[in-house]
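Visitor: I am new to this one. Could you show it to me and take me through it?

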Amino acid sequence: MSSPPRPKSILSLKGAGAAGWGDASDHVRNLLNSIRSRTPTVCKPESPTARITICQAWTISLRLGHLLRWDPVKERFDLEAANRMLYREPRVPWRV
């Protein structure tokens with residue numbers, strides 16, 4: 001059994017009877033329709049990448065305790081210690 005949301009006011013952001021926060025059926029439907037019709041999807045592929053980058057940059061900044069500057073063209077930070085956190089060697093037998 002899941003615990004109630006905190007704060008309860010967050011429930012007002014979601015319409016009653018609406019799909020849950022993790023429901024991606026509309027996105028999947030749009031992707032399949034786009035493949036069939038060869039039209040662009042509603043969400044550009046770059047959009048989630050940018051959002052993940054922001055979350056990862058925030059996490060690295062917190063772990064290092066430094067305010068960081070991100071160069072979106074070079075995809076690098078202004079601090080080498082932060083750049084080292086952008087990648088780690090996969091465990092054997094996994095490889096990229």
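Guide: What follows is a short conversation about the fold, the surface, the cysteines and the pocket. Please keep in mind that this is a predicted model.

Visitor: How many helices and strands does the protein chain have?
Guide: The secondary structure comprises 3 helices and 2 strands.

Visitor: And in what order do the elements run from the N terminus?
Guide: The order is α-α-β-β-α.

Visitor: What share of the residues is buried?
Guide: Of the 96 residues in the protein chain, 8% are buried. The chain exposes about 9,200 Å², and carbon and sulfur atoms account for 59% of that area.

Visitor: What about contacts between residues at least 24 apart?
Guide: Such pairs make up 5% of the contacts in the protein chain between residues at least 6 apart in sequence.

Visitor: Changing topic, how many disulfides are there?
Guide: A search of the whole structure gives 0 disulfides.

Visitor: Why does Cys43 count as partly exposed?
Guide: Cys43 counts as partly exposed because its relative accessibility is 37%, and the partly exposed class lies between 20% and 50%. Cys55, with a relative accessible area of 45%, is also partly exposed.

Visitor: Now the largest pocket: which residues line it?
Guide: The lining consists of Thr49, Ala50, Thr53, Trp70, Glu75 and Leu86. By type, these residues divide into 3 nonpolar, 2 polar and 1 charged.

Visitor: Which element gives the largest share of that lining?
Guide: Helix α2, residues 46-64, does so with 3 residues.

Visitor: And how much space lies in the largest pocket?
Guide: The largest pocket holds about 160 Å³ of space.

Definitions and conventions
Residues numbered from 1 in each chain as written. Predicted model: local features only at pLDDT ≥ 70, side-chain atom pairs only at ≥ 80, totals over all residues. Heavy atoms only, no water. 1 Å grid on protein atoms, 1.4 Å probe; cavity = no way out; pocket = protein on both sides within 12 Å on 5 of 7 lines; lining within 4 Å. Points joined across faces, edges and corners; volume = space filled by probe spheres on them. Helix = DSSP H or I, 4+ residues; strand = E, 2+ residues; numbered from the N terminus. Nonpolar A, V, L, I, M, F, W, Y, C, P; charged D, E, K, R; others polar. Buried < 20%, exposed > 50% of the residue type's maximum accessible area, 1.4 Å probe, protein only. Contact = heavy atoms within 4.5 Å. Areas by Shrake-Rupley, 256 points an atom, 1.4 Å probe, with all protein chains shown as cover. Disulfide = S-S within 2.5 Å.
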